[in-house]
Amino acid sequence: GVLREMPDVSEWEGFHFGGSVMENNGRDDEDRGGGGRRLGRVIHPVREPLRVGQSGEAVLVPKTKARPIHSAEAEDGGATTRNNANNKDDSPCVSSCRPAHLAQNKFVSLLLQEASKRHSQFGDENDSKIIAENGNPSSNQHSTRLRYGEEVIRISQHKNDDQSDNHNTPTHVSVHTSSGESHRARYILAADGVHSFARNHCGISMLGDSCMQNLINVHLRTNRRLSELLMRSQRRACSDHDHDDRAMLHFVYNSKLVGAFVCHDGNEGEWVLQIPFFPPFQTMEDDFDSKTVESMIWAGLLGDDDDIHRSLRQDGADSEANDEDMDFEILSIRPWTMSSLVAQRYFDDSGNVVLVGDAAHAFPPAGGFGMNTGLQDAQNIAWRLALLLHLDGMREEDAHVSVRDKHGMPPSDDNIHPSSRSFAN
């Protein structure tokens, strides 16, 4: 699903720095005016598997390049990105997985679809068996264990049945939701986000920098005409080659906007804009109302010349082949705080509540460490819980060691530093 939904690698291997998303390189034979000056472009080695000894850092594309280069080429005017003489094609790959790029809202949708499909495979008989084992009769009204759109409002822990005096009796956890239901289980994997109710309930503190920067997140969608203009402007003919220098990140600096556009899918018009925000000197009401943000977006996409904006948009509307003006829709405008935090511990005192994902760590978005570390969290704890719950003859104390041993600790501490460094650079 991810490979099917994600855009072509040419759309996300590069980052641009300049006056706007649309480039104006000053050539006289441009079919349109507009756009800001391109200051630089970097590309990342994502087309081929990264090999041992190969640098994974982005490489600055020389301005004198007569033809475009992609992430399979980089240094020395088009030489291979292998920057180590000992790094040959037969060097082992760092990972069996290749990099991928997909907007989080699309990825979450795919996860929900997969979860629904997997849970639908369980019939009422299986559900009844699970309910009987967990002692949760209230769930008998449902044919699936998947709940979506419910909020956990309370967590309670208790010994099982009437054996509370037996210290070997495992503790169970009940979660109570906003729908009025209760669900009882042996373990709870709390993946409830950076403001985790479960983490706060368990009294687990977060360590690190809680406020690296404040930003405004603007989710927008460009219509067909504007999407075509923006993507076409990055696929101009250059010499005898097709010039394709599309980018995922556009760092924009002009008189009306300093911000970063994230192009999740340019052909589908899926964009996010991040704008620095400086409270208390700025407020949402005074500085980021919808009209002001709309003006910032136009300046960031097409440049800060209002006359050229109007000309470009009117050209699109007047063309006989066009049935709509160039435009975009603002889907949301929200403030957020970038932080660099890791939970002091991943387990509560009983060992029955485990933090996963953003509930356990909050990284700067640079490098995609947050989502990837969250997925590693889930894989890391899943096999340990399987070992604990399903292996016959394993003693309780030994099983807990297998779940919580230091060799299997999640990679949050390792990933927090490169994510912070990527943001700082």
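Begin by selecting helix H6, residues 224-232, together with helix H8, residues 290-302, and you will see two helices that pack at an angle of about 35°, with their axes 11 Å apart. If you show the side chains where they meet, the contact is made by Leu226, Leu229 and Leu230 on the H6 side and by Trp298, Leu301 and Leu302 on the H8 side. Sorted by class, the residues of this contact are six nonpolar, with no polar and no charged ones. Keep in mind throughout the tour that what you are looking at is a predicted model.

While helix H6 is still selected, add the side chains of Arg224, Arg225 and Glu228, which are linked in a network of salt bridges.

Now zoom out to take in the whole chain. The protein has 12 helices and 16 strands, and of its 425 residues 42% count as buried. Among contacts with a separation of 6 or more, 67% are between residues 24 or more positions apart, and the next stops show some examples of parts that meet across the sequence.

**Glycine 18 and its surroundings**

Select glycine 18, whose place is in strand S1. Is this residue buried or exposed? Glycine 18 counts as buried because its relative accessibility is 3%, and the cut-off for buried is under 20%. Once its neighbours within four places in sequence are left aside, glycine 18 is in contact with Arg37, Arg38, Leu39, Phe251, Val252 and Tyr253. You can also draw a distance from glycine 18 to asparagine 254, for these two are 236 residues apart in sequence, yet 8.2 Å apart in space from C-alpha to C-alpha.

Stay with glycine 18 and look for empty space inside the model. The structure holds two cavities of 30 Å³ or more, and the second largest has a volume of about 40 Å³. To see its walls, select His16, Phe17, Gly18, Ser20, Val21, Arg38, His250, Phe251 and Val252, which line this second largest cavity. Strand S1 (14-18) and strand S11 (249-253) are the elements that give two or more residues to that lining. By class, the lining has four nonpolar, four polar and one charged residues.

**Salt bridges to select**

Side chains of opposite charge can pair when their charged atoms come close. The structure holds eight salt bridges, and three pairs make good stops here.

Select arginine 38, which also appears in the cavity lining, and then glutamate 23, since the side chains of these two meet in a salt bridge of 3.3 Å, N to O. The pair links distant parts of the chain, with arginine 38 in strand S2 and glutamate 23 in the loop between S1 and S2, 15 residues apart. Arginine 38 counts as buried at 13% relative accessibility, and glutamate 23 counts as buried at 14%.

Next, select arginine 47 and glutamate 13, whose side chains meet in a salt bridge of 2.9 Å, N to O. Arginine 47 lies in the loop between strand S2 (38-43) and strand S3 (59-60), while glutamate 13 lies in the loop between helix H1 (2-5) and S1, so the pair ties together parts that are 34 residues apart in sequence. Here arginine 47 counts as partly exposed, at 26% relative accessibility, whereas glutamate 13 counts as buried, at 2%.

For the third pair, select arginine 345 and aspartate 349, which meet through their side chains in a salt bridge of 3.3 Å, N to O. Arginine 345 is partly exposed, with a relative accessible area of 28%, and aspartate 349 is exposed, with 70%.

**Alanine 343**

Move to alanine 343, found in strand S14, residues 328-343. Alanine 343 counts as buried, at 8% relative accessibility. Which residues does it touch, leaving aside its neighbours within four places in sequence? Alanine 343 is in contact with Ile204, Ser205, Met206, Leu355 and Ala360. The C-alpha atoms of alanine 343 and leucine 207 are separated by 6.1 Å, although the two residues are 136 residues apart along the chain.

**A last stop at proline 280**

Finish by selecting proline 280, placed in the loop between strand S13 (270-277) and helix H7 (284-287). Most peptide bonds are trans. The peptide bond from proline 279 to proline 280, however, is cis, with omega near 5°.

Note on methods: Residues are numbered from 1 along each chain as its sequence is written. This is a predicted model: local features need pLDDT of at least 70, side-chain atom pairs count only at pLDDT 80 or more; totals for chains, interfaces and linings use all residues. Side-chain values use heavy atoms; hydrogens and water are left out. Helices (H or I, at least four residues) and strands (E, at least two) are DSSP runs, numbered from the N terminus. On a 1 Å grid over the protein atoms alone, a cavity is a set of points where a 1.4 Å probe fits but cannot get out, and a pocket is an open set with protein on both sides within 12 Å along at least five of seven lines; lining residues have an atom within 4 Å of a point. Grid points are joined across faces, edges and corners, and a volume is the space filled by probe spheres set on the points. Ala, Val, Leu, Ile, Met, Phe, Trp, Tyr, Cys and Pro count as nonpolar, Asp, Glu, Lys and Arg as charged, and the others, Gly among them, as polar. Axes are lines fitted to C-alpha atoms, for helices over the stretch in contact, and angles run from 0 to 180 degrees between N-to-C directions. Contact means heavy atoms within 4.5 Å. Buried means under 20% relative accessible area, exposed over 50%, partly exposed in between (1.4 Å probe, protein chains only). A salt bridge is a side-chain nitrogen of Lys or Arg within 4 Å of a carboxyl oxygen of Asp or Glu.
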